[in-house]
Amino acid sequence: MDTMDQYLLNLGLDSSPSILLSKIFLLVFAVLLFNFLVRKLFSQFAIKLKKTENEWDDALLDVARKPLAWGVWVVGMAWVVGIVSHAFDADTLNFVATLRDTLLIMLVSWFAVRLVNVVVAMLARPGKNRDAWDKTTVEAMGKLVKAAVIITAILALMQHFGFSISGVLAFGGVGGIAIGFAAKDLLSNFFGGLMIYMDRQFSVGDWIRSPDKEIEGTVEYIGWRITRIRTFDMRPLYVPNATFANISVENPSRMTNRRFYETFGLRYQDQSKVQDITVAVKAMLLAHAAIDTHQTLMVNVNTYNAHSVDFFVYSFTKTTQWAEFHEIKQELLGLIGDIVAQNGAEFAFPTQTIQLLPQQEPGANGV
């Protein structure tokens, strides 16, 4: 028993029933009054803190409100129960003290988890004087901290109930080896998820694809075991995290430009007009508002094909949006077609030329 428990024991043993009831009433009233004062104090603090520009103090106050209110009730009711326990024997007080300390440990853990959730939510969105952190990284850090809080709380409870933490840790080391062999796939997926968080090769909301696997879509969720990807036909694709350690992953969401690369074939009879056409097409691209002229821009004759004289257009658009790019591509193709027509040329199509040899007169060659 601690000092407070001993005080309660002496308080009950030295009191008559009427005096004991009065003391119990006063103690319950004191608990209610203290809880009321705490609530009023929090309300006053909340009004004052809302006037400040700092958003962290508001969050901290909101997180601490419920755990502290429950803590007042736990401590107060532990005192009341300790007084009214039958004969105030030490075993009953020890049980009450153990239950009180257990609930307080749980309340502290609850406060820590609530605090982590609020911090993660605030860091993931932009504030008044700061930019938003990467959502995937913040969520990963939050999961690690919450796991550490829960494990610490469990160890503290075990120590409180008389279990030897050193023995538990030693058993955990031996058992961890066996579990590691039995759950190697689970552990590989766990560390695969950890590598995704650390390397940040993609984040939630990114469009990814792999040339090694049939994986393409938008990342919806990154867990400790699997990553959920929404394919373009709106089906969910669940990929074990260990897969990403053995494949190449392309992240088109992080491209800076989209490439416009097309080859056009003109008729051989329009060969004399190819030079003027390529010059006009290049001038059109340089003047087009959607083309990034700081990137590579080329319009050149490529090859003499079987049926055409080919030239290619190589440039980059400023936008990376897929739908907008195709609108621009359609416009560029139309403009190039107009330039070809304005120069009196036409696009080639597969043709065949049949050469007929002249017929020989009868009797030629001695026949």
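1. Arg 235 counts as exposed in this predicted model, because its relative accessibility is 55% and the cut-off for exposed is over 50%. Its salt-bridge partner is Asp 233, with the closest N and O atoms 2.8 Å apart. Asp 233 is partly exposed, at 43% relative accessibility.

2. How many salt bridges does the structure hold? The total is 10, and the pair of Asp 233 and Arg 235 is one of the salt bridges. As general background, side chains of opposite charge can pair when their charged atoms come close.

3. A further salt bridge joins Glu 262 and Lys 329, and here the closest N and O atoms are 3.1 Å apart. Glu 262 belongs to strand β5 (residues 258–266), while Lys 329 belongs to helix α9 (residues 322–342), so this pair ties together parts that lie 67 residues apart in sequence. Glu 262 is partly exposed at 24% relative accessibility, and Lys 329 is partly exposed with a relative accessible area of 23%.

4. Arg 267 and Asp 270 also form a salt bridge, their closest N and O atoms being 2.9 Å apart. Is each partner buried or partly exposed? Arg 267 is partly exposed, with a relative accessible area of 21%. Asp 270 has 2% relative accessibility and therefore counts as buried, the cut-off being under 20%.

5. Which residues are linked with Arg 267 in a network of salt bridges? They are Asp 270, Lys 273 and Glu 346. The buried residue Asp 270 and the partly exposed residue Arg 267 both belong to this network.

How values were computed: Residues numbered from 1 in each chain as written. Predicted model: local features only at pLDDT ≥ 70, side-chain atom pairs only at ≥ 80, totals over all residues. Heavy atoms only, no water. Salt bridge = Lys/Arg side-chain N within 4 Å of Asp/Glu carboxyl O. Buried < 20%, exposed > 50% of the residue type's maximum accessible area, 1.4 Å probe, protein only. Helix = DSSP H or I, 4+ residues; strand = E, 2+ residues; numbered from the N terminus.
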